[in-house]
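Trainee: Can we go through this one together? I'd like to know what stands behind the labels.
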Amino acid sequence: MNESLGCSPKASPRLWAASLIFSLSLIAATWMQKYLTLGRVSGLAVAVLPAAGCAFLLFEEVRYMRRLDELQKQIQLEALAIGFPAAMVLLVLIGFLHYGGFLPQKMDLRNLWLLAPFCYLLGVLIARKRYL
Amino acid sequence: MKNRLRVLRAEQDWSQAELAQRLGVSRQTINALETGKYDPSLPLAFKIARLFGRPVEEIFEPDADLR
């Protein structure tokens with residue numbers, strides 16, 4: 001088995017840790033922007049905080065992908081091929097519905113990016129069903 | 001593409017996990033190969049052939065429309 005090479009999707013505690021750090025940085029930045037009075041420098045630091053968490057997650061994701069075997073890479077490729085366009089279609093649809101007045105105008109569009117990981121996970125499920 | 005991977009593995013009395021370890025892939029990949037859900041790359045096919053000491057064409061057989 002390739003678990004010894006860190007090849008199994010289950011064998012990546014570093015990736016899970018990076019996901020957790022990114023999530024915590026998002027929650028912390030959202031909370032601080034909402035409840036704290038921030039100056040120009042501290043406000044910039046808080047605004048950049050999730051990007052730093054995201055960069056760490058990206059680094060771990062690339063590291064993880066490079067350790068996958070050929071079938072696992074194929075699954076990831078198909079997941080992205082499904083997830084990316086699906087997320088684009090949904091984002092465009094929601095954007096047009098929002099600006100067309102069909103969705104509540106108070107709706108916060110900042111959190112729409114969350115659709116992307118959900119679409120990617122959907123892609124992973126579809127690709128895994130095909131091969132595994 | 002059809003293959004004789006399951007038969008050859010059984011002859012060696014190896015588990016899927018054992019074969020996966022010898023080939024440096026995941027157990028799921030061996031299962032997908034054996035069930036015909038996934039065709040290996042050329043390097044992996046040669047690695048399998050070398051491991052079992054047989055020519056590639058003795059392990060992998062193309063579908064009827066490719067023959």
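Mentor: Sure, starting with a term: a nonpolar core is a set of buried Ala, Val, Leu, Ile, Met, Phe, Trp, Tyr and Cys residues joined through C-beta atoms within 7 Å. Buried means that 20 or more other C-beta atoms lie within 10 Å of a residue's own; 12 or fewer is exposed, in between is partly exposed, and the C-beta atoms are placed from the backbone. The largest core here has 14 residues, and Ala20(B), Leu23(B), Ile30(B) and Leu33(B) touch the most other members. H3 of chain A gives two or more residues to this core, as do helix H2 (16–23) and H3 of chain B.

Trainee: Before I trust any of that, what are the ground rules?

Mentor: This is a predicted model, where local features need pLDDT of at least 70, side-chain atom pairs count only at pLDDT 80 or more, and totals for chains, interfaces and linings use all residues. Residues are numbered from 1 along each chain as its sequence is written, while chains are lettered from A and ligands numbered from 1 in the order in which they are written.

Trainee: How do you know how confident the predictor is in chain A and chain B?

Mentor: By pLDDT, its confidence in each residue, from 0 to 100. Chain A averages 89, with 92% of residues scoring at least 70. Residues 1–7 of chain A are below 50, though that stretch has 24 contacts in the model beyond near neighbours in sequence. Where pLDDT is low, the predicted coordinates should not be read in detail. For chain B the mean is 94, and 97% of residues reach 70 or more. The model scores ipTM 0.90 and pTM 0.82.

Trainee: Why is Phe22(A) called buried?

Mentor: Phe22(A) has 20 other C-beta atoms within 10 Å, so it meets the cut-off for buried. This residue sits in helix H1 (residues 13–35) of chain A. Leaving out residues up to four places away in sequence, Phe22(A) touches Gly53(A), Cys54(A), Phe56(A) and Leu57(A). Touching, or contact, means C-beta atoms, placed from the backbone, within 7 Å.

Trainee: And what makes Ser42(A) exposed?

Mentor: Ser42(A) has 12 other C-beta atoms within 10 Å, and exposed is 12 or fewer, so the label fits. Ser42(A) belongs to helix H2 of chain A.

Trainee: Why does Asp13(B) count as exposed?

Mentor: With 7 C-beta neighbours inside 10 Å, Asp13(B) falls under the 12-or-fewer rule, so it is exposed. Asp13(B) lies in the loop between helix H1 (5–12) and H2 of chain B. Its phi is positive, about 60 degrees, although Asp13(B) is not a glycine.

Trainee: How do you know that the length of H3(A) is close to what is expected?

Mentor: The expected span is 1.5 Å times one less than the number of residues. H3(A) has 30 residues and reaches 43 Å from first C-alpha to last, close to the expected 44 Å. Helices like this are DSSP runs (H or I, at least four residues; strands are E, at least two), numbered from the N terminus.

Trainee: What do the buried residues of H3(A) pack against?

Mentor: Helix H2 (40–66) and helix H4 (115–131) of chain A, together with helix H3 (27–34) of chain B. Among those buried residues are Leu71(A), Ile75(A) and Ala79(A).

Trainee: How many residues are in contact between chain A and chain B?

Mentor: 11 residues of chain A contact 14 of chain B. Helix H3 (residues 70–99) of chain A gives the most to chain A's side, with 3 residues.

Conventions
Two residues are in contact if their C-beta atoms, placed from the backbone, lie within 7 Å.
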